[in-house]
Structure formats: C-alpha cells, structure tokens
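Here are my notes on the two-chain model you sent over. They are set out as numbered points, so take them in order with the viewer open.

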Amino acid sequence: MHNLIPLPLPLFHVWAYLETQPLLGLSATLCVWEAAVFIDEWARHKAFTNPTVLSILILATLLLATGTSYKTYFNGAVYIHFLLGPATVALAVPMYANWAAIRKNFIAIFVSLSAGSIVAASSAMLIAHAMGAPRTVVVSLGPKSVTTPIAMGISQNLGGQPSLTAVFVMMTGMFGTLVCTGVFRLARVKDWRAQGLAAGTAAHGLATSRMLLLNQTAGAFGGLAIGLNGIVTSVVVPVLVSVFGL
Amino acid sequence: MPRALTILLLCQLAGTILQQGTGLPIPGPVLGLVMLLGYLLKTGGPAPHLRDTAQGLLKYLGLLFVPAGVGVVTELQELRQNIIAISVAIFVSTLLGLMVTGVLMSWFLRKQTNA
C-alpha cells in the first residue's frame, strides 16, 4: 500500500493487521455517517448535504488518499451492505400503511406512475446510448429513478454495474430534489398528491423527504411511489433493454 | 426483533429462490417485498415487532447504501469518460419523469372531483 503519509514501523504493523480485518471498514463507515448526519443537521438539511452523499464522498476520498482498495474497505462494510436486502423487503410495511390511499386511486396512481417510470427510464438509456456511452453505463442508468437497493438489484441482473447505478441514483435524487418544486410550478401541478407521487416516482426517497418537509400528504404519496415504482421498474427496465436491443 | 428479522430474511430468501429458480429479471428482495405485502394484506397488518423493526431499518436506509456508493472509486474512469452523456441523460429524464407523472396524476384527480 502506498500511503501518502509514511507510517512509523509499529503503526505500520497495526495498519497492516487492521487491513485484513472487517473492523476498520465497518467503524469507518459508521463514524463517517455520524459526522455526515451532524453536518447535515448543522446545514439544515440542504439537498447537497444529504448524509448519504456526504458519507460516500468522504469515504471515497479517504480510500483514495490512503491508497486503500475498495475490496479491503468492503470487507468490513459488507455487514452494513447486507442489510439492504431485508430493508427492501421492509418497504412492504409503509406500503401496507398507505394501502387505503393506493386502493382508492389505484388506476390513476398506477397509470401516472408507470408512464413516468417508462418515460424516465427509456429517455435516460436512449440519450446515453445516442451520446456514445458503453452498454454498462446505459444499462446502469435504466433503474436510476428507484430507491438504491432495488436499483442495484435490477442493474446487477441486467449486467450493469451496481456501484455505478448507486451513483446515478444519488445524482437523480439530488437533481430531482433541486428542481421538483420549480417543475411543478411550470407544469401547473398543484395537487399535493400528484406532486408527491411524481417526486417519489422520478427521484425516490431524496425528493420524497423534501416533499415531506412541505406537506404530509405529499410525503405519503411519495412513500408509496417509491415502493410501487420499485416493482414497476423491476418489470419495465428489463423489457426496455431487450426492446431497445441494448 | 429476532422474529421480525427472521420474517424479513425468509421473505428475501423465498424471493431469491423464486428469482434464481425461474430466471425472472426482478430482484429477489423485490419479490420478497411483494410476498410480505400480500401476507400483510391477508393477515390485516404487521404485528408491532415487525412494524418497529421495519421502521427502524428504513429510518437508516440512507446509511445502508453508503458501502455500495463508495464503490464509485472503482468506476471513476468510466464516469469521467462518459460524464456529459450521463449528466444530460439524468437531467432530461428526471425532468420528463417528474412532468409526466405529475401532469397525468393531477389530470386524473381533477377528472375525479369533476365527475
């Protein structure tokens, strides 16, 4: 390992030992997360101080600066990563809580959500393909509107790169959060239910948490859009990939 | 808590077995989500322990995708080479997605109140 700062010999031995253990990656992730949450609260929850985005930036910088490989880091971080699976399943609980609202407007919700989902996924893939991006990048872009654990699963199944997808999901969420209220004003979307549904469909949890700050109903519809779009996108993106011949 | 985790993991396991067995392109955990939703609808809602554990996990969902996101360090070259295509694709598709869903949904809701 080529550290930027040369370590004294005993410390080097400690470092070399820790690099083989999961403890380092695990505690680094948790410490950085706590720091990021603190910064986000201090900056009053701006779109660009999202704790997930901040933590990824800080940890990536740390890895590059210390010359630590991602594999070494992931050796410990995998214990956190594993919880994504059960957390995805757990999305059924808030979906159940919103079931009355889903059932009441089922056709409206299903049609609007599917249309937005198909338009977003196909335009993203077609634009990137037309601009000469390789297949891995194009396929990894397909599920970028849905919540990260689901997006990564879809990407992996289609031969995309899950970590690229995770980055695209974040970019989409940050951009969606920044522009959603402006878009709704321009397109004259006034109903909170429509705003929440659109935010959750196009830009998952990041935009939904922004809507939640504005209105409870919008937040609830955003929440149900996250889960529902996860299911719709899982079905739609593989179909789009084969229709477009990607 | 252990019982709730067992339920969540069993749903994920069943979903993964179904996915691997049938070759469906839908991720195993998503199939698990659908199964759990079906179970909740049939039994009339989550027991308190399941609801609390689910809420606890989802509260820290942001933390759970940090390790995968850090994987960006292995993709820096791919990102740098395609940064313009990626940015344009994300900007345009997110704007379109927000508009299509928002406009359609408000049209449906207006029609409903007028009817």
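1. How far does α11(A) reach from its first C-alpha to its last, and what is expected at 1.5 Å a residue? The model is predicted, so the values here are computed from predicted coordinates. α11(A) has 25 residues and reaches 34 Å. The expected figure is 36 Å, and the helix comes close to it. There is still a bend to note: a kink of about 50° is centred on A:V179.

2. Now the end of that helix. A:R188 follows α11(A). This residue sits in the loop between α11 and α12 of chain A. Its phi is positive, about 55°, although A:R188 is not a glycine. Most residues other than glycine have a negative phi. Is A:R188 buried or exposed? A:R188 is exposed, with 9 other C-beta atoms within 10 Å.

3. The next helix, α12 (residues 192–214) of chain A, deserves a careful look. A straight helix of 23 residues would span 33 Å at 1.5 Å a residue. Helix α12 of chain A spans only 9 Å between its end C-alpha atoms. Where is the kink in α12(A) centred? The kink is centred on A:H204 and comes to about 145°.

4. Stay with A:H204, which is found in helix α12 of chain A. Its phi is near 35°, a positive value in a residue other than glycine. A:H204 is buried, with 28 other C-beta atoms within 10 Å. A:R188, also with a positive phi, is exposed. As for the helix around A:H204, 18 of the 23 residues of α12(A) are buried, so α12(A) is largely enclosed by the rest of the structure.

5. Chain A as a whole. The chain has 13 helices and zero strands. How does its radius of gyration fit the value for a compact globule? With 246 residues, such a globule would have a radius of gyration near 18 Å; chain A has 20 Å, which agrees. The C-alpha trace spans about 65 × 45 × 30 Å along its principal axes. Buried residues make up 54% of chain A. Among contacts in chain A with a separation of 6 or more, 64% come from residues 24 or more positions apart.

6. Chain B next. Its secondary structure comes to seven helices and zero strands. The radius of gyration of chain B is 20 Å, well over the 13 Å that the globule rule gives for 115 residues, so chain B is more spread out than a compact globule. Its C-alpha atoms fill a box of roughly 55 × 45 × 30 Å along the principal axes. Buried residues make up 47% of chain B. Residues 24 or more positions apart account for 33% of its contacts with a separation of 6 or more.

7. How many residues of chain A are in contact with chain B? The count is 94 residues of chain A, against 65 residues of chain B. Helix α11 (residues 162–186) of chain A gives the largest share of the chain A side, 15 residues. By type, that side divides into 66 nonpolar, 24 polar and four charged residues.

8. The largest nonpolar core has 113 residues. Which of its residues touch the most other members? They are A:A90, A:A92, A:A124, A:A128 and B:V70. Helix α13 (residues 216–243) of chain A supplies the largest share of this core, twelve residues.

9. Take A:A124 from that list. Residues up to four places away in sequence are not counted here. A:A124 touches A:L141, A:G142 and A:K144 in chain A, and B:A89, B:I90 and B:S93 in chain B.

10. A:A120 is worth a check as well. Its place is in helix α8 (residues 106–130) of chain A. A:A120 counts as buried, with 34 C-beta neighbours inside 10 Å. Leaving aside neighbours within four places in sequence, A:A120 is in contact with A:S145, A:A202, B:S93, B:T94, B:L96 and B:G97. B:S93 is thus listed for A:A120 and for A:A124. The C-alpha atoms of A:A120 and A:I226 are separated by 14 Å, with their positions 106 residues apart along the chain.

Note on methods. Residues numbered from 1 in each chain as written. Chains lettered and ligands numbered in written order. Predicted model: local features only at pLDDT ≥ 70, side-chain atom pairs only at ≥ 80, totals over all residues. Contact = placed C-beta atoms within 7 Å. Helix = DSSP H or I, 4+ residues; strand = E, 2+ residues; numbered from the N terminus. Nonpolar A, V, L, I, M, F, W, Y, C, P; charged D, E, K, R; others polar. Expected span 1.5 Å × (residues − 1). Bend = angle between axes of the 7 residues up to and from the residue. Core = buried A, V, L, I, M, F, W, Y, C linked by C-beta atoms within 7 Å. Buried ≥ 20, exposed ≤ 12 C-beta atoms within 10 Å, placed from the backbone. Rg over C-alpha atoms; globule rule 2.2 N^0.38 Å.
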